[in-house]
Amino acid sequence: MKPVLYVGNINYSSWSLRPFIALRWAGIDFDMVEVNLDQPGYGEYAIAEILAFNPAGKVPALRVGEIVIADSLAIAEWASETGRSLYPQDPLERAMVRSVVAEMHSGFAAVRRDLSMNIRRRCRAFGLPADTLRDIARLDALFAGHRQHRDGPFLFGQRTLADAFFTPVATRFRTYGIALSADAQAYCDTLLADAAFLEWEQKVLAQPHAGFSRAPIDQLYA
Ligand SMILES: N[C@@H](CCC(=O)N[C@@H](CS)C(=O)NCC(=O)O)C(=O)O
């Protein structure tokens with residue numbers, strides 16, 4: 001049986017997009033099941049449909065046989081260890097990839113709070129607070145660093161988990177019209193032109209638009 005990736009609403013769930021991209025890049029065949037997060041229990045990790053496969057009440061989760069891997073980073077690591085590796089060979093480069101993946105996984109709370117992923121939407125964010133502007137400046141500097149690598153357009157040259165983890169940020173910057181340096185913008189353009197992301201985006205655009213009633217995601221900066 002193929003692994004099954006359970007994801008949240010694909011227009012909004014940034015945590016879900018990351019392992020989808022990692023699984024595709026690693027070349028792993030899997031099925032995907034989308035769970036509507038806009039239902040009772042949301043925000044409390046108490047959606048019954050999710051609890052049925054993940055006692056933590058969260059998506060993404062990957063079912064592999066009897067096992068459920070229940071975190072975007074754990075799924076992405078499994079993909080990289082099971083399929084095509086998404087880490088560089090050199091241990092120090094690998095450590096640097098892990099370092100920025102960890103920074104994304106546990107950080108950038110202000111960007112997550114104020115620039116929610118909303119792939120369909122285009123608007124202009126205004127009045128962003130200082131902590132969000134600081135996050136944006138840090139991400140801009142980090143993204144611009146991809147220019148140091150001459151063997152490819154990704155953050156570390158070739159595709160790594162870092163790029164899978166930063167793709168949702170590239171969509172957030174596009175959605176909210178965030179101005180970036182030319183080098184950082186070039187990196188975001190690379191992520192948004194990647195086949196795995198385009199496949200996800202096509203799935204989003206093919207759906208009839210259903211807003212999200214349990215959080216003000218669609219009303220931000222309206
Ligand atoms: N650190 C987790 C975060 C997962 C997470 O927070 N998922 C959200 C949706 S994107 C969720 O399942 N929320 C359910 C709820 O709020 O009830 C990961 O990386 O997978």
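Student: What makes the pairing of the side chains of E199 and R24 a polar contact?

Tutor: In this predicted model, the side chains of E199 and R24 are joined at 2.7 Å, and since a polar contact asks for a pair of N or O atoms within 3.5 Å, the pair qualifies. E199 belongs to helix α9, and once neighbours within four places in sequence are set aside, its contacts are F20 and R24.

Student: Why is E199 called partly exposed?

Tutor: Its relative accessible area is 26%, and the class runs between the buried limit of under 20% and the exposed limit of over 50%, so E199 is partly exposed.

Student: How do you know whether F197 is buried or exposed?

Tutor: F197, which also has its place in helix α9 (residues 195-206), has a relative accessibility of 1%; the cut-off for buried is under 20%, and F197 therefore counts as buried. Apart from neighbours within four places in sequence, F197 touches L17, I21, I119, T167, T171, R174, L191 and L192.

Student: Why is S14 called buried?

Tutor: The value for S14 is 6% relative accessibility, and because buried means under 20%, S14 falls in that class. S14 sits in helix α1, where its contacts, leaving out neighbours within four places in sequence, are M117, P168 and R172.

Student: How do you know how α7 and α8 are oriented to each other?

Tutor: The two helices pack at an angle of about 105°, with 9 Å between their axes; angles of 65 to 115 degrees count as roughly perpendicular, and α7 and α8 are therefore described in that way. In this packing, A162, D163, F166, T167, A170, T171, F173 and R174 of α7 meet Y187, C188, L191 and L192 of α8, and by class these residues are eight nonpolar, two polar and two charged.

Student: Why are α6 and α8 called roughly perpendicular?

Tutor: Helix α6 (residues 130-144) and helix α8 (residues 182-192) cross at about 75°, with their axes 7 Å apart; because the band for roughly perpendicular is 65 to 115 degrees, the term applies to α6 and α8. From α6 the contact takes D140, F143 and A144, and from α8 it takes D183, A184, Y187 and C188. Five of these residues are nonpolar and two are charged, with no polar residue.

Student: Which residues of helix α3 are buried, and what do they pack against?

Tutor: In α3, which covers residues 72-82, the buried residues are S72, I75, A76, E77, A79 and S80. Their packing partners are the strands β1 (4-7), β3 (61-64) and β4 (67-69), together with the helices α1 (14-26), α4 (91-106) and α7 (161-175). At the start of α3, a side-chain oxygen of D71 comes to within 2.8 Å of the backbone nitrogen of L73.

Student: What makes the approach of S72 to the ligand a polar contact?

Tutor: A polar side-chain atom of S72 is 2.6 Å from an oxygen atom of the ligand, and because the limit for such a pair of N or O atoms is 3.5 Å, the approach of S72 meets the criterion. Two backbone approaches can be set beside it: a backbone N or O atom of G43 lies 2.9 Å from a ligand oxygen, and a polar backbone atom of Y45 is 3.0 Å from an oxygen atom of the ligand. G43, Y45 and S72 are among the residues that come nearest of the 15 around the ligand, and that group also includes V59 and H105.

Definitions and conventions: Residues numbered from 1 in each chain as written. Predicted model: local features only at pLDDT ≥ 70, side-chain atom pairs only at ≥ 80, totals over all residues. Heavy atoms only, no water. Buried < 20%, exposed > 50% of the residue type's maximum accessible area, 1.4 Å probe, protein only. Helix = DSSP H or I, 4+ residues; strand = E, 2+ residues; numbered from the N terminus. Contact = heavy atoms within 4.5 Å. Polar contact = N/O pair within 3.5 Å; in protein donor to acceptor, adjacent residues only side chain to side chain. Axes fitted to C-alpha atoms, helices over the stretch in contact; angles between N-to-C directions. Parallel < 35°, antiparallel > 145°, perpendicular 65-115°, else oblique. Nonpolar A, V, L, I, M, F, W, Y, C, P; charged D, E, K, R; others polar. Near = heavy atom within 4 Å.
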